[in-house]
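The following exercises concern side-chain contacts, strand pairing and surface exposure. Each task is followed by a solution that proceeds step by step.

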Amino acid sequence: QVQLVESGGGLVQAGGSLRLSCAASGNIFSINAMGWYRQAPGKQRELVAVNRGGGATNYADSVKGRFTISRDNAKNTVYLQMNSLKPQDTAVYYCNAGVLDITLRVMDYWGKGTLVTVSS
């Protein structure tokens with residue numbers, strides 16, 4: 001099995017910063033894309049940022065210029081640096097990864113989420 005564990009969420013005032021981390025562990029051969037999604041109460045889950053494994057990144061328009069996704073492949077870890085946070089960023093943030101496991105199966109995995117609350 002593969003597990004993704006997020007950390008770094010919390011309460012922050014508008015204009016502040018947080019850094020989220022997501023570490024993958026288990027029977028991993030390699031990881032392709034890693035990304036972050038978020039979901040606010042009553043809203044659909046949406047893509048925030050993705051690193052596609054070859055260095056290419058993509059961001060939601062709402063976070064461009066404020067958030068940065070990065071990756072440490074040696075640690076199977078992805079980060080999301082969030083600056084200039086707004087109340088609209090309040091959500092549960094989920095890590096997602098496309099993993100090639102040791103049996104060479106490609107599977108999509110999700111973390112359990114970490115809550116980010118931005119106060120006005």
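A residue is called buried under 20% relative accessible area, exposed over 50%, and partly exposed in between. The model is predicted.

**Exercise 1. Classify Glu46 by its relative accessibility, and identify its salt-bridge partner.**

Step 1. Glu46 has a relative accessibility of 35%. This value falls between the limits of 20% and 50%, so Glu46 counts as partly exposed.

Step 2. The side chain of Glu46 forms a salt bridge with that of Arg38, with an N to O distance of 2.8 Å.

Step 3. Arg38 has a relative accessibility of 6% and therefore counts as buried.

**Exercise 2. Trace the salt bridges of Asp89 and state which network results.**

Step 1. Asp89 is at 2% relative accessibility, so this residue counts as buried.

Step 2. Asp89 forms a salt bridge with Arg38, in which the closest N and O atoms are 3.0 Å apart. Asp89 belongs to the loop between S8 and S9, whereas Arg38 belongs to strand S4 (residues 28-39); the two are 51 residues apart, and the pair links distant parts of the chain.

Step 3. The side chain of Asp89 also meets that of Arg66 in a salt bridge, at 2.8 Å from N to O. Arg66 lies in the loop between strand S6 (57-59) and strand S7 (67-72), 23 residues from Asp89, and this pair too links distant parts of the chain. Arg66, at 10% relative accessibility, counts as buried.

Step 4. Through shared partners, the salt bridges join Arg38, Glu46, Arg66 and Asp89 into one network. The structure holds four salt bridges.

**Exercise 3. Determine which rings lie under the charged end of Arg45.**

Step 1. The criterion requires CZ of Arg to be within 6 Å of the ring centre and within 35 degrees of the ring normal.

Step 2. The charged end of Arg45 sits over the ring of Tyr94, at 3.7 Å from its centre.

Step 3. Arg45 also lies over the face of Trp110, 4.8 Å from the ring centre.

**Exercise 4. Describe the faces of strand S1 and follow its pairing to S3 and from there to S8.**

Step 1. Strand S1 comprises residues 2-7. Its covered face carries Val2, Leu4 and Glu6, while Gln3, Val5 and Ser7 make up the uncovered face.

Step 2. S1 runs antiparallel to strand S3 (residues 18-26), and six bridges join them. Within this pairing, Gln3 stands opposite Ser25, and Ser7 stands opposite Ser21.

Step 3. S3 is in turn joined to strand S8 (residues 77-82) by six bridges, again in an antiparallel arrangement. Here Arg19 stands opposite Gln81 in S8.

**Exercise 5. Locate the nonpolar surface patch and classify Ile102 as buried or exposed.**

Step 1. The patch consists of Phe29, Ile102 and Leu104, which together have about 350 Å² of accessible area.

Step 2. Ile102 is situated in the loop between strand S9 (91-101) and strand S10 (106-110).

Step 3. With a relative accessible area of 52%, Ile102 passes the limit of 50% and is therefore exposed.

Key. Residues numbered from 1 in each chain as written. Predicted model: local features only at pLDDT ≥ 70, side-chain atom pairs only at ≥ 80, totals over all residues. Heavy atoms only, no water. Buried < 20%, exposed > 50% of the residue type's maximum accessible area, 1.4 Å probe, protein only. Helix = DSSP H or I, 4+ residues; strand = E, 2+ residues; numbered from the N terminus. Pairing = 2+ DSSP bridges. Patch = residues over 30% accessible without salt bridge, like charges linked within 9 Å, V, L, I, M, F, W, Y side chains within 5 Å. Areas by Shrake-Rupley, 256 points an atom, 1.4 Å probe, with all protein chains shown as cover.
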